[in-house]
Amino acid sequence: MMKANLIFLALMTIAFGAQAQLSKWQKGVLVDEAIFDTASFPESHAATIAETPAGLVAAWFGGTKERNPDVEIRVSRNVSGKWTKPVSVADGVVNAKLRYPTWNPVLYQVPKGELLLFYKIGPSPATWKGWMKTSKDNGKTWSTAKALPEWFLGPIKNKPVMLSSGLLLSPTSTEGDGWKIHFEASKDSGKTWMMIGPINDGKTSAAIQPSILTYKNGKLQILARSKNRAIIESWSGDNGKTWSPLTPTTLPNNNSGTDAVTLKDGRQLLVYNHVLPPDSAKNGKGARTPLNLAYSFDGKTWYAAAILEDSPISQYSYPSIIQGKDGMVHVVYTWRRKKIKYVKIDPSKLQGIKIVDGKWPALKGYEAPKTGEVTSD
């Protein structure tokens, strides 16, 4: 018994020390919590968040395991500072004998309109189909499922952006014939759609899951996931009609999803795994830890802002980020495939240290854990 107590005390001391270190990189973090502690489904992944007139709403896919037919879209609402119990709002049931998994929900609140929920149904990302539901009561109840037009998938992972012209621009991608990025645009808040792209061939340049950033000069930028150890970017000067060739940024990518948002003060805020996989890594895959925040004024020079998770136990991934009406930033992400975490951040309090040569800067009193000692991948 004494030995067990000593081990417990040692582990608690290590955990407290690690948290004290991490706090040095968490200036501005106001809330850090799990949306749920226990659930009827063992795995959760690919969260998304939106702010409605009644408060925050989060969604993700959950079930036995990714790709299993029992995976459904789950939703939780933040009511009076507490997250409601997750409920299933969409599944992949085709008929009594056929059922597919659901994937990658994306929430978007139409200004002065409905809450939109985009998601996919199918056996794999190469073969899935796009679906959509709407809510008139801030995520409490949902319409019947509506299939998107043939070849349209909706935003593939990250939120649409409403341009100053009133055009709703959705960042999307396909994986069946190489990794290709395209856009789906709507002039009527999601009732009808037109396609732009793809903007790359999927072979000489390949990327998926872009985020859209806006600039005061009217330019747009996307940041996307890739297999070549770097976050990929492209630029548009004509409201998304045409795009520059895909090129690597100075920031690393571990072949995992990222997300970004344009803040009201003009900064671009990116949430991602600042992980550079080894040259030998297959398809550029790396550990999905730590989970980092960085910001930029011009989309080129980036500043280290925060570390949300740094445990060597992997799978802090697939983040979604928005800025609320009150200026606060809200992030949700996968926590070890077991839970969905929520973090609230005051962006005015974020510290910024320039990232040089793609390396996360050192901070006195902070020592990063050795990633890879323990993994849940």
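These notebook entries record what I looked up in a predicted model of one protein chain.

**Entry 1. I35 and its surroundings**

I began with I35, which I located in the loop between β1 (29–34) and β2 (43–52). I then asked whether I35 is buried or exposed. Its relative accessibility is 5%, so I35 counts as buried. I next listed the contacts of I35, leaving aside neighbours within four places in sequence. The residues in contact with I35 are A58, W60, S76, W83, V332, I340 and Y342. For one of these partners, W83, I also looked up the separation from I35. The two residues are 48 residues apart along the chain, and their C-alpha atoms are separated by 5.8 Å.

**Entry 2. An open sheet**

I turned to a sheet of four strands and noted its order as β13-β14-β15-β16. The sheet is open and its pairing is antiparallel. Which strands form the edges? I found β13 (161–162) and β16 (194–196) there, each pairing on one side only. Between β14 (residues 168–174) and β15 (residues 180–186), I recorded seven bridges. At one position in this sheet, T172 stands opposite H182 in β15.

**Entry 3. Salt bridges**

How many salt bridges does the structure hold? I recorded 14.

I examined K65 and E43, whose closest N and O atoms are 3.6 Å apart. This pair links distant parts of the chain, 22 residues apart. K65 lies in the loop between β3 (55–63) and β4 (72–79), while E43 belongs to strand β2. I noted that K65 counts as partly exposed, because its relative accessibility is 47%.

I then examined the salt bridge of R337 with E66, where the closest N and O atoms are 2.6 Å apart. R337 lies in the loop between β26 (329–335) and β27 (339–345), and E66 in the loop between β3 and β4, so the pair ties together parts that are 271 residues apart in sequence. I looked up the accessibility of both partners. R337 is buried, with a relative accessible area of 15%, whereas E66 is partly exposed at 26%.

For R74 and E72, I found a salt bridge with the closest N and O atoms 4.0 Å apart. Here R74 counts as buried at 10% relative accessibility, and E72 counts as buried at 14%.

I also noted a network of salt bridges that links D32, E309 and K341.

**Entry 4. Nonpolar cores**

I next looked up the largest nonpolar core, which has 19 residues. Which of its residues touch the most other members? I listed L269, L293, L308, I321, V331, Y333 and I345. At least two residues of this core come from each of β22 (268–272), β23 (291–296), β24 (302–309), β25 (316–323), β26 and β27. The strand that gives the most is β26, with four residues.

I followed Y333 further and set aside residues up to four places away in sequence. Y333 touches A47, L291, L308, E309, Y316, S317, Y318, P319, K339, I340, K341 and V343. Two of these names I had already entered: E309 and K341 are linked with D32 in the salt-bridge network. Another, I340, is also in contact with I35.

Finally, I recorded a second, separate core of 18 residues. Among its members are W25, I231, Y272 and L363.

Notes. Residues are numbered from 1 along each chain as its sequence is written. This is a predicted model: local features need pLDDT of at least 70, side-chain atom pairs count only at pLDDT 80 or more; totals for chains, interfaces and linings use all residues. Side-chain values use heavy atoms; hydrogens and water are left out. Buried means under 20% relative accessible area, exposed over 50%, partly exposed in between (1.4 Å probe, protein chains only). Contact means heavy atoms within 4.5 Å. Two strands pair if DSSP finds at least two bridges between them. A salt bridge is a side-chain nitrogen of Lys or Arg within 4 Å of a carboxyl oxygen of Asp or Glu. A nonpolar core is a set of buried Ala, Val, Leu, Ile, Met, Phe, Trp, Tyr and Cys residues joined through side-chain atoms within 4.5 Å.
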